[in-house]
There are 2 protein chains.
Amino acid sequence: MEEIHLIFARNLKAIREKEKLSLEKVSQLCGVSKTMIGQIERGESSPTLTTIWKIATGLKVSFTALIHQPQSETEVVLKKDIPVLSEDNGKYRVYPNFPFQEDSRFEIYTIEIDQGGQLSAEGHKEGTEEFITVFAGELMICVNDHNYTLKSGDSIRFKADRPHDYRNAGDTLTKLGMTIYYPNER
Amino acid sequence: MEEIHLIFARNLKAIREKEKLSLEKVSQLCGVSKTMIGQIERGESSPTLTTIWKIATGLKVSFTALIHQPQSETEVVLKKDIPVLSEDNGKYRVYPNFPFQEDSRFEIYTIEIDQGGQLSAEGHKEGTEEFITVFAGELMICVNDHNYTLKSGDSIRFKADRPHDYRNAGDTLTKLGMTIYYPNER
DNA sequence: GTTATTTGTACGTTATATCGTCCTAAATAA
DNA sequence: TTATTTAGGACGATATAACGTACAAATAAC
């Protein structure tokens, strides 16, 4: 996922050029210094909410138009580029492959659990569901006071808005894919 | 119009309380310091775009949900509270009564022009239209190389995406109401 | 009632967003 | 060409966003 301020940068510049405005002109229209507009466009600055508002209002464009990412056809995410999150002294590792996005409303993780590794999660937001598939090793998962043991190829889906925990009770590395779905509010 | 960071503040706090989360919890979910979350909620801080993104993503709420202003039934704007914009050495004064909003897509001004006062405006964004009504005095307006003289009670509408200018050629103060409409992009 | 734990705020420090001025290169005019 | 404007970026100063720690009040545990 491209950094949000770079998306903003590109959108702002595109709008400015489409309207054939100079930095100076945009500066006047928005009440934001020319320098700042320039820095934002170059992705050197992550503007403040009030600045964002001034720009949107000054340019008469929607807030959304400035932060919208035109979905590219294809996006490749290499494991080596994903910032890994560690729990349980590094025995439980989370790789966020695809972060949450408000349109799709789910996120996708890969998780590795070393022998004996474990994680207890409190419930997520109400309505949340998890979809897990095991790709290697064995997974013991406890939710609603039920224990389930899954082996490679097995899957489970459950309401994740309550406490639950994952454990590798086997004797090899466990790998699994996890998709978390957050239904729309209201 | 309430300041944007106060709207954000209220929305954030409302969401947090609805989910029954502590500042600490929100901090963890979003990767933003507890202190910062607190300051934002109290309206003491105007968060950075990256911080806004972290909050939206961490809370799994839309960007829009955070900046949405539930339109109140009624809003009173007193002239004395409007920051006046002066041109032509103070002889041309602009009062922004209602600023641009992306849903309604227009803004409403009141303008006062002293005797002899004048303003030349370059064209606004393409498609823009102006709706003017004179409430006192006399207005001379030039657009598309045409001159129009309006007296109290008269109105004019014209495409404002080209240069135009206003002038008080009479001998009393001119007052007028102006609505500028910016059609949706595309 | 006392002790812990949790929750929100105050404070001091650092990072950085924002502004104004100056500078360089390109575009336009003379 | 030379002069003049314009457009974008560099630099230094200031305001403030963001962080970590410490504190006070409230809540929970005993």
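This report describes two helices of chain A and the protein surface around DNA strand D, as they appear in a predicted model.

**Helices H2 and H3 of chain A**

Helix H2 of chain A spans residues 23-30, and within this helix Val26(A), Ser27(A) and Cys30(A) are buried. Viewed along the axis of H2(A), these buried residues fall within an arc of 105°, so they line one face of the helix. Such a pattern suits helical geometry in general, because an α-helix has 3.6 residues a turn and residues three or four places apart therefore point the same way. The partners against which the buried residues of H2(A) pack are three other helices of chain A, namely H1 (4-18), H3 (34-41) and H4 (49-59). After H2(A) comes Gly31(A), a residue with a positive phi near 75°.

In H3(A), the buried residues are Ile37(A), Gly38(A), Ile40(A) and Glu41(A). Around the axis they cover an arc of only 165°, which means that they lie on the same side of H3(A). The cover over the buried residues of H3(A) includes H1, H2 and H4 of chain A. H3(A), too, is followed by a glycine, Gly43(A), and the phi of Gly43(A) is positive, near 75°.

**The surface around DNA strand D**

There are 19 residues around DNA strand D, and those that come nearest are Leu23(A), Ser33(B), Met36(B), Thr48(B) and Thr51(B). Of the atoms of DNA strand D that come within 4 Å of the protein, 61% belong to sugar and phosphate. Sorted by class, the surface near DNA strand D has eleven polar residues, four nonpolar residues and four charged residues.

Polar contacts to DNA strand D involve residues of chain A and of chain B, and the table sets out three of them with their distances.

| Residue and protein atom | Atom of DNA strand D | Distance |
|---|---|---|
| Lys34(A), polar side-chain atom | base oxygen | 3.1 Å |
| Glu44(B), backbone N or O atom | phosphate oxygen | 3.4 Å |
| Ser45(B), polar side-chain atom | sugar or linking oxygen | 3.4 Å |

The elements that give two or more residues to the surface near DNA strand D are H3 of chain A and helix H3 (34-41) of chain B. Which element gives the most to this surface near DNA strand D? H3(B) does, with three residues. H3 of chain A thus appears in two settings, with buried residues that include Ile37(A) and Ile40(A), and with two or more residues given to the surface near DNA strand D.

Technical notes: Residues are numbered from 1 along each chain as its sequence is written. Chains are lettered from A and ligands numbered from 1 in the order in which they are written. This is a predicted model: local features need pLDDT of at least 70, side-chain atom pairs count only at pLDDT 80 or more; totals for chains, interfaces and linings use all residues. Side-chain values use heavy atoms; hydrogens and water are left out. Buried means under 20% relative accessible area, exposed over 50%, partly exposed in between (1.4 Å probe, protein chains only). Helices (H or I, at least four residues) and strands (E, at least two) are DSSP runs, numbered from the N terminus. The arc is that of the directions from the helix axis to the C-beta atoms. Contact means heavy atoms within 4.5 Å. A residue is near a molecule or strand if one of its heavy atoms lies within 4 Å of it. A polar contact is a pair of N or O atoms within 3.5 Å; within protein, one must be able to donate a hydrogen and the other to accept it, and residues adjacent in sequence count only if both atoms are side-chain atoms. Ala, Val, Leu, Ile, Met, Phe, Trp, Tyr, Cys and Pro count as nonpolar, Asp, Glu, Lys and Arg as charged, and the others, Gly among them, as polar.
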